[in-house]
Amino acid sequence: MRILCLHGRGTSAQIFKSQTTSFRSRLNDLPITFDFIDAPYPTTPASGIDLFYEPPYYTFWPDDSPTSHQNARTWLLNHIAKNGPYDAVLGFSQGCSLAALTLLLHAHESPLTPPPFKAAIFICGGAPLPLLEELGYTITPEMRSRDTESRKKLSIQADSAAILAKGAERWGGGGDAGEVVDEESVRREIERCGIGKVKIGVPTVHVYGRKDPRFVAGVQLSGVCEGSVRQCFDHGGGHDIPRSSAVSERLAELVRWVLEEGGVA
């Protein structure tokens, strides 16, 4: 079994490998190869990441334009053609967005051919709203505004000063940086926006933290995936991958489930 691993913006393959060690160590009985790859563009570190990890840092796109997203998708498909095939994809943050847009566009353009992955694990990801709009989803101005504000809040809460001052306590408050958010309401909202529209059809796992300013984005991503082959887990923290035994055990369980559901394990 081969799993392609896509890191978050401003990190790297080596950093993502370190961040996932705890739950991956609980999968040692399975014949899994985790392939961690660096994104193509050098960039500045993600907020606070330079406190813990040395450079270099990378991003899958230099800006959030549709052209950059399409170029990233082409780059990823070229990588898969040269180095694949892969059974599943594991992403964090920006890596989730790249995997999601690649699967969505495949479902839209080539629904009768096998997708590039049989299963997907999304950690602290987000639905690519501009792409969803192109695919016919009704994205309201309120949804776009909320998405923009959540990105700003994440940058503030995750920066080096906040980490040094508060550590993990910087994630204090409810979902979306202090706002109490109902998970099911968010999921139903995005599902209503895309009634009859293309969805990610492979089995998926969605891991997010209620204290993450990008919590809503993670829930929205789950809403554009088929509910019958979807599992969601709120780890209760922020925009990170907690290393506690309980969370790591649950993440390993979910990986096992999605691989089996996808016919991989």
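Me: What makes Phe 16 count as buried?

Reply: This is a predicted model, and in it Phe 16 has a relative accessibility of 0%. Buried means under 20%, so Phe 16 counts as buried.

Me: Why is the pair of Phe 16 and Phe 36 called edge-to-face?

Reply: Look at the angle: the planes of Phe 16 and Phe 36 are 80° apart, and over 60 degrees counts as edge-to-face. The centres are 5.7 Å apart, and rings pair within 6.5 Å, so the label "aromatic pair" holds too.

Me: Where in the chain do these two rings come from?

Reply: Phe 16 sits in helix 1 (residues 13-19) and Phe 36 in strand 2 (residues 33-37). They are 20 residues apart, and the pair links distant parts of the chain. Phe 36 is buried as well, because its relative accessible area is 15% and the cut-off is 20%.

Me: And what makes the pair of Phe 16 and Phe 92 tilted?

Reply: Here the planes make an angle of 45°. Stacked needs under 30 degrees and edge-to-face over 60, with the rest called tilted, so tilted is what this pair gets. The centre-to-centre distance is 6.5 Å. Since Phe 16 lies in helix 1 and Phe 92 in strand 5 (residues 88-92), the pair ties together parts that are 76 residues apart in sequence. Phe 92 has a relative accessible area of 9% and is therefore buried.

Me: Which residues form one aromatic cluster?

Reply: Phe 16, Phe 34, Phe 36 and Phe 92. The structure holds five aromatic pairs.

Me: How do you know that the charged end of Arg 24 sits over the ring of Phe 34?

Reply: The charged end of Arg 24 is 5.3 Å from the ring centre of Phe 34, and the distance limit is 6 Å. There is an angle condition too, within 35 degrees of the ring normal, and Arg 24 is listed as sitting over the ring.

Me: How do you know that Cys 5 is in no disulfide?

Reply: The nearest cysteine sulfur, that of Cys 96, is 11 Å away, while a disulfide needs the sulfurs within 2.5 Å. Cys 193 fails as well: the sulfur of Cys 225 is its nearest, at 15 Å. The structure holds zero disulfides.

Me: Is Cys 193 buried or exposed?

Reply: Buried, because its relative accessibility is 14% and the limit is 20%. Cys 5, at 1%, counts as buried too.

Me: Which elements give two or more residues to the lining of the largest cavity?

Reply: Helix 6 (141-158) and helix 10 (215-223). The lining includes Met 143, Arg 146 and Phe 215, and the cavity holds about 60 Å³ of space.

Definitions and conventions. Residues numbered from 1 in each chain as written. Predicted model: local features only at pLDDT ≥ 70, side-chain atom pairs only at ≥ 80, totals over all residues. Heavy atoms only, no water. Buried < 20%, exposed > 50% of the residue type's maximum accessible area, 1.4 Å probe, protein only. 1 Å grid on protein atoms, 1.4 Å probe; cavity = no way out; pocket = protein on both sides within 12 Å on 5 of 7 lines; lining within 4 Å. Points joined across faces, edges and corners; volume = space filled by probe spheres on them. Helix = DSSP H or I, 4+ residues; strand = E, 2+ residues; numbered from the N terminus. Phe/Tyr/Trp six-rings, centres within 6.5 Å; stacked < 30°, edge-to-face > 60°.
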